[in-house]
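Notebook open, model loaded. I'll jot down what I look up as I go.

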Amino acid sequence: MTSVNEKTCIGCGLCLAVCPGNAIVLYNSKARIDTQRCTDCGQCISVCPSNAITETAISQIDELKKRLANIKQRVTSLSRNINYLAGKK
Ligand code: SF4
Ligand code: SF4
């Protein structure tokens, strides 16, 4: 997923001009991407003069999902151990 860093976007509008899916609008002089329309073609990333657009979200979300799954497994395991120990008393 492509996303805009609003802190570094200077509102130049170059990304809007190249987006083939009209997925970008300027709001308060900051680019905003409509994720429903974005096809992740990457053209906006290559024209942005301030490197405000990145394609980081998917890898970060995948990584977070893995970590959450890991935590869930540990919590389940701990919960089983607690129940086991509670039953022993
Ligand atoms: S990645 Fe492509 S489709 Fe998505 S906002 Fe950028 S230019 Fe538009
Ligand atoms: S090209 Fe970059 S700096 Fe210009 S409006 Fe788009 S995101 Fe902002």
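How many Å separate the centres of domain 1 and domain 2? I took the centres over C-alpha atoms and got 42 Å. Note to self: this is a predicted model.

**Entry 1, overall layout**

I looked up the domain bounds next. Domain 1 covers 1-55 and domain 2 covers 64-89 of the protein chain. For the extent, I have the C-alpha trace spanning about 70 × 25 × 20 Å along its principal axes. The radius of gyration is 21 Å, whereas a compact globule of 89 residues would come out near 12 Å. I also checked burial: 11% of the 89 residues count as buried.

Then I went through the contacts between residues at least 6 apart in sequence. Of these, 58% join residues at least 24 apart.

**Entry 2, secondary structure**

I count three helices and four strands in the protein chain. Reading from the N terminus, I get the order β-α-β-β-α-β-α.

Which way do strand 2 and strand 3 pair, parallel or antiparallel? They are antiparallel, and I find four bridges. I wrote down two of the facing residues. Ile24 has Ile33 of strand 3 as its bridge partner, and Val25 sits across from Arg32, also in strand 3. The two strands make a hairpin with two residues between them. In that turn, Asn28 shows a positive phi of about 50°.

**Entry 3, more positive phi values**

After Asn28 I wanted other entries of that kind. Asn22 is one: not a glycine, yet its phi is positive at about 45°. I located Asn22 in the loop that runs from helix 1 (14-18) to strand 2 (24-27). Is Asn22 buried or exposed? It is exposed, because I count just 9 other C-beta atoms within 10 Å, and 12 or fewer is the cut-off for that class.

Asp40 goes on the list too, with a positive phi near 60° in a residue other than glycine. Asp40 lies in the loop between strand 3 (30-33) and helix 2 (43-47). Asp40 has 12 C-beta neighbours inside 10 Å, so I log it as exposed.

**Entry 4, ligand 1**

I listed the shell around ligand 1 and got 15 residues. The closest are Cys19, Cys38, Cys41, Gln43 and Cys44. Sorting that shell by type, I have nine nonpolar, five polar and one charged.

Cys19 looked worth a separate look. Cys19 belongs to the loop between helix 1 and strand 2. Why do I class Cys19 as buried? Because 22 other C-beta atoms lie within 10 Å of its own, and the class starts at 20. Setting aside neighbours within four places in sequence, I find Cys19 in contact with Ile24, Gln43 and Cys44. I also took the C-alpha distance from Cys19 to Asp40: 10.0 Å, with their positions 21 residues apart in sequence.

**Entry 5, ligand 2**

Which residues come nearest to ligand 2? From the 15 around it, I noted Cys9, Cys12, Cys15, Ala31 and Cys48. The shell of ligand 2 splits into 12 nonpolar, three polar and no charged.

**Entry 6, Leu14**

Last lookup. Leu14 is part of helix 1. I get 17 other C-beta atoms within 10 Å of Leu14, so it goes down as partly exposed. Leaving out residues up to four places away in sequence, Leu14 touches Val47, Cys48 and Pro49. I checked Val47 in particular: Leu14 and Val47 are 33 residues apart in sequence, but 6.6 Å apart C-alpha to C-alpha. Cys48 turns up twice in my notes, once as a contact of Leu14 and once among the residues nearest ligand 2.

Terms used: Residues numbered from 1 in each chain as written. Chains lettered and ligands numbered in written order. Predicted model: local features only at pLDDT ≥ 70, side-chain atom pairs only at ≥ 80, totals over all residues. Domains from an automatic or database assignment. Near = placed C-beta within 6 Å. Nonpolar A, V, L, I, M, F, W, Y, C, P; charged D, E, K, R; others polar. Rg over C-alpha atoms; globule rule 2.2 N^0.38 Å. Contact = placed C-beta atoms within 7 Å. Pairing = 2+ DSSP bridges.
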